[in-house]
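User: I have a few questions on the structure below. Short answers, please, with the reasoning shown.

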Amino acid sequence: MVGIPAALDHSSGALNYDQVFVRDFFPSALAFLMTEKPEIVKKILLRTFRLQASEKRVDCFTLGQCVMPASFKVLHNPVTGSEKLSTDFGGSAIGRVVPIDFSFWWIILLRAYTKAIGNCDLSQREDCQRGMKLILSLCLSEGFDTFPTLLCANGCCMIDRRMGTYGYPIEIQALFFMALKCARDLLKADGDWKIYIALIEKRLPALTYHMRSHFWLNHEQLNDIYRFKTEEYLYTVVNKFNVIPESIPDWLFDFMPRKGGYFIGNVSPGRMDFRWFAAGNCISILSSLTTRERSLAIMDLIEEKWQDLVGEMPMKAVFPALESHEWRIVTGCDPKNNPWSYHNGGSWPVLLWLLTAASVKTGRPRMVKIALELAERRMGKDEWPEYYDGRDGCYIGKQSRKMQTWSMSGYVVARMIAEDPSLLGLISLDEGKDMNPTLSRATSLPSRLFPDPPRYTPADNPTSLTSICASMVRKRFRPFLALFRMRKHFRCLTRVNLLGIRLFFTTIKCTSTGYSLSFSPRF
Ligand code: GLC
């Protein structure tokens, strides 16, 4: 047993769907762990790692030693009766791109396996430690970067074709963050590995700060960006990336609800990709890249925009679709990515497990129930398609394979997490010490878009002016801070459950004039 092919649809050409993808294997691996079959997962983890050592060439170019395989296939030799694995590192994939996400899924899976079996025997093995070290040495190496995020080529993640995801796509950044946190827990804290733990400790706060400051969008942020001044210079500017407000697409003003927010798709100099990417946002919730408050805001957005983001089939990988001229320029006229199809606004049943896990983590049982009902109504009858087309996700995708493995395993995992939320522990991480102080700045401050860095340590210099000011502010706000720390208990006390619908929740809001309690309706 060496793996699970992407699809078993004999009615259409296999292309590379008869290969075993690490990415596609992840939900199956979770299903195996949840049903107490960890041996299969262990075999795949070790097998993919061993393949890392194979020769990697794309034409005349040799790839980095640390790159993980994109997929592999079993080749049978009918003459000798032997079998061998043929490995692809992106060299035979469309667009010839190395998928970056595979390495991160591998680390995340290693942590899930460790958690499931309750001991570190596998992760502490020298070869697994080496595997993590190789991946980390690749993504934590020093380069020309100005940002703590990872610079990527188009098509390096689940969306593996040209779709304007080059730069700093949210899916990769969220997976990078999650893999760093998992690796920190799994790496031995002695010998050679110590240096990697130190590098992770240094990178995580910077990455958290960058993502939370520059990728987050809600109604207020949108208004700020809409009023951005441009061509600013030096360190105190608000519009750090010189984003021109006219580049805000029209659809966003209609789409953005008053309640809720999300991590936008990509941020780089002069560019904000405002599209919604489901995987990146759900992984941000699971990894706690978002604060608790913002995780709830993402779920609020999904709820408010249910018809757009979920429709008839949970759920769209990207919203909205690129159309006409934009489609031509961004996708390079890709007919598989026609508007509201495949990656371009198509609905992917595999995302059901991510939606379910994020909903369970944020306490939205009704959302889970409705999403599962939608999927159950159609997926089996339609023979587990890879994706659905159309604005509402009503049609089986034009080139969609049937009997797609991760559509099935995604559903199985979603169902199991819904029935036993304790299973969420396999893929959910706490905020822990990387948590940003959840206090947001007063709305009247112009620099609200760029809050303080996550680790504020005035104690480093107790006599500095900053330290004195900080201590005065702390004294002045002590009662409010106490209230803030008790916010979880407030929430519990004020939750009213009526016919399974939670009616109210309390938030303690920071405003320019102080703090206030507010009540809002909730799913
Ligand atoms: C498609 C998807 C990719 C997946 C592959 C195999 O190319 O975009 O994410 O891994 O199919 O299912």
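User: Which residues form a nonpolar patch on the surface, and with about how much accessible area together?

Analyst: The model is predicted. Leu 234 sits in the loop between α7 (219-226) and α8 (250-255). At 58% relative accessibility, Leu 234 counts as exposed, because the cut-off is over 50%. The patch consists of Tyr 233, Leu 234 and Tyr 235, with a joint accessible area of about 510 Å².

User: How much of the ligand's accessible area does the protein cover?

Analyst: The shell around the ligand has seven nonpolar, two polar and four charged residues. Ligand oxygen atoms lie 2.7 Å from a polar backbone atom of Met 158 and 3.1 Å from a side-chain N or O atom of Tyr 342. Of the 300 Å² that the ligand has on its own, the protein covers 96%.

User: Is Arg 23, in its salt bridge with Asp 101, buried or exposed?

Analyst: The closest N and O atoms of Asp 101 and Arg 23 are 2.6 Å apart. Asp 101 belongs to helix α3 and Arg 23 to helix α1, so the pair ties together parts 78 residues apart in sequence. Arg 23 has 7% relative accessibility, and under 20% means buried, so the answer for Arg 23 is buried.

User: In which helix do Glu 419 and Arg 415 both lie?

Analyst: Their salt bridge has its closest N and O atoms 3.3 Å apart. Glu 419 is exposed at 57% relative accessible area, while Arg 415 is partly exposed at 27%. The two residues are four apart, about one turn of the helix, and that helix is α15.

Definitions and conventions:
Residues numbered from 1 in each chain as written. Predicted model: local features only at pLDDT ≥ 70, side-chain atom pairs only at ≥ 80, totals over all residues. Heavy atoms only, no water. Polar contact = N/O pair within 3.5 Å; in protein donor to acceptor, adjacent residues only side chain to side chain. Areas by Shrake-Rupley, 256 points an atom, 1.4 Å probe, with all protein chains shown as cover. Nonpolar A, V, L, I, M, F, W, Y, C, P; charged D, E, K, R; others polar. Patch = residues over 30% accessible without salt bridge, like charges linked within 9 Å, V, L, I, M, F, W, Y side chains within 5 Å. Salt bridge = Lys/Arg side-chain N within 4 Å of Asp/Glu carboxyl O. Buried < 20%, exposed > 50% of the residue type's maximum accessible area, 1.4 Å probe, protein only.
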